[in-house]
Amino acid sequence: MLKQHKIPVTILTGFLGAGKTTLLNRLLRDEQNRRAAVIINEYGDTGIDSELVIKTHEEIIEINKGCICCNVRGDLIKVLKNLIVKMAKREIHLSRIIIETTGLANPAPVIQTFLMDEVMAYWFDIDSVCTVVDSKHLPLHLEQEIAQEQIAFADLIIMNKADLVSQEELADLKLRIKKMNMTAEVITTTNSEVPINKLIGVQSFDLSAKLKIQSNLLTESHHHHHDDNVHSIILKSDKPLFLDRVNKWFTYLVQMKGESLYRYKGILNVKDIDNRVVYQGVHMLFASTEDRKWKQDEPRKSELIFIGTKLDEEELKKGFRYCIDEKFKLQTEGYFFR
Ligand SMILES: Nc1nc2c(ncn2[C@@H]2O[C@H](COP(=O)(O)OP(=O)(O)OP(=O)(O)O)[C@@H](O)[C@H]2O)c(=O)[nH]1
């Protein structure tokens, strides 16, 4: 089949909870991305992220069970090759691929995938690499090497959550970011409200700038080790949760463990509530919202993921049990929940 144009690829990256999914939803609401395929990579074995992405698109593909820059890079190539086959058979017509990486991914190997693999390079062209940063928590996140790498490889840096910091703090952060990446454009946003034309159809991906950061980008296979301190714990149950218990538990977690909880999010089945309940937060900033109604044919279940450092799995399991089992009394670190 004769192919006239390469398919543009937008890579969205940024540390845990920075606002990538918020940005993705914004892009997907835009008419010009109606025929975009979306590839979402989650860190843990959960589909929570894709559940929180608006469902207007047929091609939303999840790559779970690992980080896109490490063990699931082969999966990314497989997914992309499948899309090529479908396009060649004219089963789908794609205008763009948008990839949302996990908050713990280094974008370099994802970029590499499109440059080094001949088939990929023939079909796809990186349009831009956009890194979203959480302006409130960036100083804390920069302690992690991965957060620095995400900034270094960006063409566009979105300093999100501007509503949570002062103008002076924003100005300082911008200087800090500029020192790490002089060539990227830096934009300040709230709720990832970036003008679409800054991100789509910009062809801002600059290989020579990336080679200055990593000269072996086009030659070497990538060895990236995640910080062993950061890990995830997933809790699941088919039993309904008691709302007052969930609220008590989360209040405790956010206050006592907020610093080490980089990201937590879940879709919950709460007793006597017909809608799915979404609990999510970043460190001590936490929100709960009612989402859509549970569908008739959909099993009502709860799934929560915690990503952070020094996570105590046994304690989290007990807390979850406290939310489900009315007879269970939870005692932890001087706190007693009944
Ligand atoms: N106050 C404030 N909250 C925001 C802003 N942008 C996003 N959020 C909230 O921050 C949380 C994380 O946003 P997401 O878009 O899910 O972040 P993410 O980068 O996709 O998170 P992960 O995929 O889990 O790494 C959500 O509760 C958002 O509603 C913002 O500009 N200001």
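These notes walk through a predicted model of a protein chain with a ligand, point by point.

1. **The chain as a whole.** A good place to start is the overall make-up. The secondary structure of the protein chain amounts to eleven helices and 14 strands. Of its 338 residues, 39% are buried. If you look at contacts in the chain with a separation of 6 or more, 76% of them join residues that are 24 or more positions apart.

2. **Two domains.** The domain assignment splits the protein chain into domain 1, residues 7–213, and domain 2, residues 231–337. Their C-alpha centres are 28 Å apart. Eleven residues from domain 1 and twelve residues from domain 2 take part in the contact. On the side of domain 1 that touches domain 2, you will find three nonpolar, five polar and three charged residues.

3. **Where the ligand sits.** Which domains give residues to the shell around the ligand? Both domain 1 and domain 2 do, so the ligand lies between them. The shell counts 22 residues, and the closest are G19, K20, T21, T22 and G103. Two or more shell residues come from each of α1 (20–29), β9 and β10. Helix α1 gives the largest share, three residues. Sorted by class, the shell holds eleven polar, six charged and five nonpolar residues.

4. **A residue to visit in α1.** Having met helix α1 at the ligand, you may like to look at L24, which is found in that helix. Is L24 buried or exposed? It counts as buried, because it has 26 C-beta neighbours inside 10 Å, and 20 or more is enough for that label. Setting aside neighbours within four places in sequence, L24 is in contact with L12, V38, V53, I98 and E100. K86, by comparison, is 62 residues from L24 in sequence, with 23 Å between their C-alpha atoms.

5. **A covered helix.** Helix α4, residues 107–116, is mostly covered, with eight of its ten residues buried. The buried ones are P107, A108, P109, V110, I111, Q112, T113 and F114.

6. **The five-stranded sheet.** Now turn to an open sheet of five strands with antiparallel pairing. Reading across, the order is β8-β12-β9-β10-β11. Strands β8 (230–237) and β11 (285–293) form the edges, each pairing on one side only. On average, neighbouring strands in this sheet are turned by 10° against each other, with direction ignored. Strand β8 runs antiparallel to β12 (residues 302–309), and eight bridges join the two. As one example to pick out on screen, L235 has L304 in β12 as its bridge partner.

7. **Helices on the sheet.** Which strands does helix α10 touch? This helix, residues 243–257, packs on the sheet and touches β9 (261–268), β10 (275–282) and β11. The direction of α10 makes about 170° with that of β9. Helix α11, residues 313–324, also packs on the sheet, where it touches β8 and β12. The angle between the directions of α11 and β8 is about 25°.

8. **Two lysines with positive phi.** Most residues other than glycine have a negative phi. K161 has a phi near 65°, a positive value in a residue that is not glycine. You can find K161 in the loop between β6 (156–160) and α8 (167–180). K310 also has a positive phi, of about 50°, although it is not a glycine. Its place is the loop between β12 and α11. Their surroundings are worth a look too: K161 is buried, because 26 other C-beta atoms lie within 10 Å, whereas K310 is exposed, with 11 such atoms within 10 Å.

9. **A loop aspartate.** D206 is in the loop between β7 (185–188) and α9 (207–213). How many C-beta neighbours does D206 have inside 10 Å? There are 15, so D206 counts as partly exposed. Apart from neighbours within four places in sequence, D206 is in contact with D155 and T183. I126 lies 80 residues from D206 along the chain, while their C-alpha atoms are separated by 9.2 Å.

Methods
Residues are numbered from 1 along each chain as its sequence is written. This is a predicted model: local features need pLDDT of at least 70, side-chain atom pairs count only at pLDDT 80 or more; totals for chains, interfaces and linings use all residues. Two strands pair if DSSP finds at least two bridges between them. Helices (H or I, at least four residues) and strands (E, at least two) are DSSP runs, numbered from the N terminus. Axes are lines fitted to C-alpha atoms, for helices over the stretch in contact, and angles run from 0 to 180 degrees between N-to-C directions. Two residues are in contact if their C-beta atoms, placed from the backbone, lie within 7 Å. A residue is near a molecule or strand if its C-beta atom, placed from the backbone, lies within 6 Å of it. Ala, Val, Leu, Ile, Met, Phe, Trp, Tyr, Cys and Pro count as nonpolar, Asp, Glu, Lys and Arg as charged, and the others, Gly among them, as polar. Domain bounds come from an automatic or database domain assignment. A residue is buried if 20 or more other C-beta atoms lie within 10 Å of its own, exposed if 12 or fewer, and partly exposed in between; C-beta atoms are placed from the backbone.
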